[in-house]
Amino acid sequence: MTDVANTVLVIGAGLMGTGIAHGFAVAGADVLLLDSDAAAAQKAAAEIAAIIDGAVKIGKLDPDAASAAKARVTLVADLATASARAGLVVETASERIATKIAIFETVSANAPADAVLATNTSALSVTELAATTPRPERFAGMHFFNPVHKMKLVEIVRGIATSQETVDLLLGWAARMGKQSITVSEAPGFTTSRMSALAGNEAMYMLQEGVATAEDIDTAMRIGFGHPMGPLELGDLTGWDTRFAVLQYLHRTLGEKFRPCPLIEKMVKAGRYGRKVGHGVYRYEDGRKVPGSGLSAR
């Protein structure tokens with residue numbers, strides 16, 4: 001029989017959902033992974049297996065533990081049925097509040113009464129999402145960073161009604177996953193998204209104005225400030241459609257300094273979302289950045 005308290009439902013099998021599902025599985029959870037796109041779910045399962053195999057090759061995971069982690073990931077298709085089996089639900093769907101609310105309405109109607117609900121949103125209101133459920137005290141943000149299997153930080157975000165018990169449970173899960181947590185009282189953009197969005201937006205303004213090339217802007221942040229990647233590379237990894245939605249929200253809530261750079265909007269309209277589609281500020285082949293392919297100022 002499935003242990004509900006040890007079962008995590010991850011909703012969304014994109015880059016973030018894939019990484020989150022992998023992290024919970026390696027930490028010993030029974031993971032249910034759900035996506036409305038069956039092909040995306042299958043791709044995520046293959047990527048999880050590849051990440052696990054890579055950990056074995058470099059000696060971070062022994063073969064038996066790797067096999068067990070792979071076996072703990074199950075693809076599911078029905079949200080209501082899956083919700084009833086999970087003690088923790090982590091939603092990582094698109095950064096559209098209406099989409100998230102619809103998901104949590106179904107989850108709330110079917111999940112066990114003591115289940116904890118979490119959203120991986122990078123900027124939207126945890127309080128607003130929690131208020132649409134009958135259990136706001138058992139609702140919080142659990143914001144991971146991409147790529148999840150490499151990035152150690154997790155933001156645990158309190159809504160106005162989030163209980164300490166809920167925060168403690170999520171802190172415990174993060175620790176099991178080998179993550180370093182910070183606890184944030186909800187504010188637009190929390191801590192990291194607010195800073196990252198501002199830096200990425202300013203980098204795009206500099207690119208638009210011809211201040212420097214994309215490559216040099218990114219090099220400045222990597223070499224000058226010790227960042228693992230530059231703000232334009234990071235935007236390509238996150239997805240400019242996601243970054244644009246976050247900036248629009250921050251602009252509405254925090255004011256003019258977060259007005260999205262017109263170049264971001266232009267790229268989104270052109271479908272140049274970043275690495276996931278093979279073209280953003282840079283072009284990508286087989287997931288690797290093509291040298292010298294940075295977008296020129298327009």
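Q: At what distance from the ring centre of Y282 does K289 lie?
A: This is a predicted model, in which local features need pLDDT of at least 70 and side-chain atom pairs count only at pLDDT 80 or more, while totals for chains, interfaces and linings use all residues. Residues are numbered from 1 along each chain as its sequence is written, and side-chain values use heavy atoms, leaving out hydrogens and water. A charge sits over a ring if NZ of Lys or CZ of Arg is within 6 Å of the ring centre and within 35 degrees of the ring normal. K289 lies over the face of Y282, and its distance from the ring centre is 4.4 Å.

Q: What length does helix α2 reach from its first C-alpha to its last?
A: Helices here are DSSP runs of H or I with at least four residues, and strands are runs of E with at least two, numbered from the N terminus. The expected span of a helix is 1.5 Å times one less than its number of residues. Helix α2 (residues 38-57) has 20 residues, and, close to the 28 Å expected, its reach is 29 Å.

Q: Over what arc around the axis do the buried residues of α2 lie?
A: With buried meaning under 20% relative accessible area, exposed over 50% and partly exposed in between (1.4 Å probe, protein chains only), the buried residues of α2 are A41, A44, I48, I52 and A55. Judged by the directions from the helix axis to the C-beta atoms, they are on the same side of α2, because they cover an arc of only 70 degrees.

Q: Which exposed residues does the opposite face of α2 carry?
A: The buried residues of α2 are covered by elements that include α1 (15-26), β2 (30-34), α3 (63-71) and β3 (73-76), where contact means heavy atoms within 4.5 Å. The face turned away from this buried side carries the exposed residues A39, Q42, K43 and K57.

Q: Which residues form one aromatic cluster?
A: Rings of Phe, Tyr and Trp (its six-membered ring) pair if their centres lie within 6.5 Å, with planes under 30 degrees apart counted as stacked, over 60 as edge-to-face and the rest as tilted. Among the 3 aromatic pairs, F24 and F144 are edge-to-face because their planes stand at 70 degrees, with ring centres 6.3 Å apart. F24 also pairs edge-to-face with W173, at 5.3 Å centre to centre and 75 degrees between the planes, and because F24 lies in helix α1 and W173 in helix α7 (residues 164-176), this pair ties together parts 149 residues apart in sequence. The one aromatic cluster is formed by F24, F144 and W173.
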